[in-house]
Amino acid sequence: MRFDVVSLFPDIFEAVCKYGVTGRAHTQGLWQLKVWNPRDFTQDVHRTVDDRPYGGGPGMVMMAQPLEDAVNAARADRTDETPPVWLMSPTGRCFDQKMAQELALGPGAILICGRYEGVDQRFIDRCVTHEVSIGDFVLSGGEIPALAIMDSAVRLLPGALNDKESALQDSFHDTLTGLLDSPHFTRPEVYQGQAVPSELLSGHHANIALWRRRQSLALTMARRPDLIESARQAGRLSKSDEAFLASLTKN
Ligand code: SAM
């Protein structure tokens, strides 16, 4: 998988190539990253990448031409003919685990990091295939969203995680039928007077799995009832799940 990132701050992306799971996967050659600075595609001596908004108003807008030329350079450098071009934008579709899973199965993408007030709409109309948000809040730039998106996809690549089971046990994953993960405990067995739940010490695999499933159901019901409803609509809750959920509302 390969990502091409268009950003005015290329150094930020060292973070994802050097550290932790994504860094190790990068060293192993499981994924590649190339960063393109729109400033290198400007056509004036001042290397201008932004200008004042038509119609007035505060801030600056990223110009279309340096961005389009950067995208074309990235496209020409890749072997796949039509890579998706994702613009990081608070007005885009909210990124989720399903999108991460789909991304991890594909060739990667070209990610565009906006700055200032945003980017000229004509660049979006001409070059962008998807606009993607990482949540209902506004950041100063698209670099952190691009890092988050790459991290979430790379950790799903076969061989990226030490224990291949661990991504399957994460929140939102299909294996958990889209629910939230259950709580985790490690040594010591008693910490500040609080003991590890006895089910996890039992060594009884079926009981441990049942305890985790119930914790997951209870936590999701309390914090994200919308995910319970989605799992229900998709027919992914068992009779035993439903009985447990019913017992929660009774208590
Ligand atoms: N004026 C824009 C608006 O209100 O929608 C916000 C511009 S923001 C200050 C600058 C850039 O940061 C955006 O162009 C986008 O690339 C990025 N950005 C900010 N928040 C984001 C989010 N929640 N998700 C994805 N990208 C975001």
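Cys-113 counts as buried, because its relative accessibility is 1%, below the 20% limit that defines a buried residue. This value, like the others in this report, comes from a predicted model.

The structure holds 0 disulfides. For Cys-17, the closest cysteine sulfur is in Cys-113, 13 Å away, which is too far for a bond, because a disulfide requires two cysteine sulfur atoms within 2.5 Å. Seen from the other partner, Cys-113 is in no disulfide either, and its nearest cysteine sulfur belongs to Cys-17.

The strands form an open sheet of 5 members, ordered S2-S1-S6-S5-S7 and paired in parallel. Its edges are strand S2 (32-36) and strand S7 (130-133), each of which pairs on one side only. On average, neighbouring strands of the sheet are turned by 35° against each other, with direction ignored. Within the sheet, S1 and S6 run parallel and are joined by 5 bridges. Phe-3 has Ala-109 of S6 standing opposite.

Two helices that contact these strands are set out below.

| Helix | Strands touched | Angle |
|---|---|---|
| H3 (residues 64-77) | S1, S2, S5 and S6 | about 160° with S1 |
| H4 | S1, S5, S6 and S7 | about 170° to S5 |

H3 packs on the sheet, and H4 lies across its four listed strands.

Turning to the interior, the largest nonpolar core has 31 residues. Phe-3, Trp-31, Leu-33, Trp-86, Leu-111 and Met-150 have the most contacts inside this core. Two or more residues are contributed by each of strand S1 (2-6), helix H1 (14-18), strand S5 (85-94), helix H4 (97-105), strand S6 (108-112) and helix H6 (143-154). The largest share, 6 residues, is supplied by H6.

Leu-33 shows how residues from separate parts of the chain meet: leaving aside residues up to four places away in sequence, Leu-33 touches Phe-3, Val-5, Phe-13, Val-16, Cys-17, His-26 and Met-150. Of these partners, Phe-3 and Met-150 are also among the residues with the most contacts inside the largest core.

A second core, separate from the one just described, has 20 residues. Among its members are Leu-87, Ile-112, Cys-127 and Val-128.

Terms used. Residues numbered from 1 in each chain as written. Predicted model: local features only at pLDDT ≥ 70, side-chain atom pairs only at ≥ 80, totals over all residues. Heavy atoms only, no water. Core = buried A, V, L, I, M, F, W, Y, C linked by side-chain atoms within 4.5 Å. Buried < 20%, exposed > 50% of the residue type's maximum accessible area, 1.4 Å probe, protein only. Contact = heavy atoms within 4.5 Å. Pairing = 2+ DSSP bridges. Axes fitted to C-alpha atoms, helices over the stretch in contact; angles between N-to-C directions.
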